[in-house]
Amino acid sequence: MRHYVLFAAMAATFPCLAADNTSQQACDSVNDAVGSIRLKGNALHVAGRLFTELGVRDEFTSRSAYEERAVRSIEAIGVRNGQICFRDDESAYTTYDADTQKLRVHALNKFMSGASDGQKYHLVYAMLMTIRHGKGSSYIGTNAFGVTANVRKGTSETVNLAFPMQYIDSIANTPWTENSAAALHLNFDVQPEVARSLKNDVALVYQVEITPPYYLQNVDYRSPTLSSPNDREIHQKLLFAKLVAVSLQHAKTGALVATIQMDGESPRQRVDPVSTPAPK
């Protein structure tokens, strides 16, 4: 039983992630040399255009017709080889081992999500790119035992990169990758002076390729509990992709430090012919 009381407070919509991913320029961190500067990603710009122009496939559109339209839309946006990049300067947790000279980076939490395309349910690991909160309100909720609590009710909309679970789980463990049940970690070969310059200033640039089914959406309902009295409705937009490369970057200068190429069963760090001094 719910008793609505007191207030309905407006919450301003806002993106929660700090990095700018609205660039309209194509990006190719796979081929960018160490020392190249990249201050913006283009993932949110491409996602917004694609969601608007392509939409979700309906029951009256064949899979082949939808995929042809998706390819045309991606090309019209100006994406090279179907690849885009997402820059994250807030979620990169790192540790450094001076003996092995490897910088360990937490690259992907395995947050499970999914959505149906009408014929198949796709399980994915969702990487949050941005979130917007809508109207908020409050009510007094009562559980089956008669315990009442003030429940905060609200809606959110998220835009996510969606990596198929089977694909991510198949990434091999190598000297540069650690793939566990909970997360994907990357180990970059980095000199101590470079690692020191990156202390608290690490960003990651994810180069991804947009893949079928391209765009799906779902709604995640989270019911309130006594320990978490929140009644949430989360609308998820999922842009399907696979990892092409992940670049380590100095968050303030935008300089790329190293890149690990995610080549199927043998991910490896790219070796650049010319070394670059540590970012200042």
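Start with the whole chain on screen: among contacts in the protein between residues at least 6 apart in sequence, 72% join residues at least 24 apart. This is a predicted model. Its 280 residues include 46% that count as buried. Colour by secondary structure and you will find four helices and 13 strands. Switch on the surface: the protein exposes about 14,600 Å², and carbon and sulfur atoms supply 52% of that area.

**Stop 1: the four-strand sheet**

Select E3, E4, E9 and E8. They form an open sheet in the order E3-E4-E9-E8, with antiparallel pairing. Look to the edges for E3 and E8 (177-179); each has a single partner strand, so one side of each lacks a neighbour in the sheet. Ignoring direction, neighbouring strands here are turned by 20 degrees against each other on average.

**Stop 2: strand E4**

Now keep E4, residues 102-109. How many of its eight residues are buried? Six are, so the strand is largely enclosed by the rest of the structure.

Add E3, residues 94-97. Four bridges join E3 to E4, and the two run antiparallel. Pick threonine 94 and look across: valine 105 in E4 stands opposite. Then follow the hairpin of E3 and E4, where four residues lie between the strands. Stop at glutamine 101, which takes a positive phi near 55 degrees.

Next, add E9, residues 183-189. E4 and E9 pair in the antiparallel sense over seven bridges. For one of the pairs, click lysine 102; its bridge partner in E9 is aspartate 189.

**Stop 3: phenylalanine 188 and the cores**

Stay close to that pair and select phenylalanine 188. Leaving out residues up to four places away in sequence, Phe188 touches Gln101, Lys102, Leu103 and Val105, among others. Its contacts also include Val246, Ser247, Leu248, Ala258, Thr259, Ile260 and Gln269.

Widen the view to the largest nonpolar core, which has 50 residues. Which residues have the most contacts inside it? Select Leu161, Phe163, Phe188, Tyr206, Leu243 and Leu248. Strand E10, residues 202-222, gives the most to this core, with seven residues. In soluble globular proteins, nonpolar side chains tend to be buried together.

Now select Ala115, Val124, Leu216 and Phe240. They are among the seven residues of a second, separate core.

**Stop 4: arginine 270**

Go to strand E13 (268-269) and step into the segment after it, where arginine 270 has its place. Is Arg270 buried or exposed? Its relative accessibility is 16%, so Arg270 counts as buried, the cut-off being under 20%. Show its contacts, again without residues up to four places away in sequence. Arg270 touches Ser29, Val30, Asn31, Asp32, Ala33 and Val34, and also Thr259 and Gln261. Thr259 also appeared among the contacts of Phe188.

**Stop 5: the disulfide**

Finally, select the cysteines. A search of the whole structure finds one disulfide. It joins cysteine 27 to cysteine 85, with 2.0 Å from S to S. The link of cysteine 27 and cysteine 85 is left-handed, with -140 degrees about the S-S bond.

What does the pair tie together? Cysteine 27 lies in the loop between strand E1 (2-4) and helix H1 (43-53), and cysteine 85 lies in strand E2 (residues 83-88), so the link connects parts that are 58 residues apart in sequence. Check both ends with the surface on. Cysteine 27 counts as buried at 3% relative accessibility. Cysteine 85 is buried too, with a relative accessible area of 0%.

Technical notes. Residues numbered from 1 in each chain as written. Predicted model: local features only at pLDDT ≥ 70, side-chain atom pairs only at ≥ 80, totals over all residues. Heavy atoms only, no water. Buried < 20%, exposed > 50% of the residue type's maximum accessible area, 1.4 Å probe, protein only. Pairing = 2+ DSSP bridges. Contact = heavy atoms within 4.5 Å. Areas by Shrake-Rupley, 256 points an atom, 1.4 Å probe, with all protein chains shown as cover. Core = buried A, V, L, I, M, F, W, Y, C linked by side-chain atoms within 4.5 Å. Axes fitted to C-alpha atoms, helices over the stretch in contact; angles between N-to-C directions. Disulfide = S-S within 2.5 Å.
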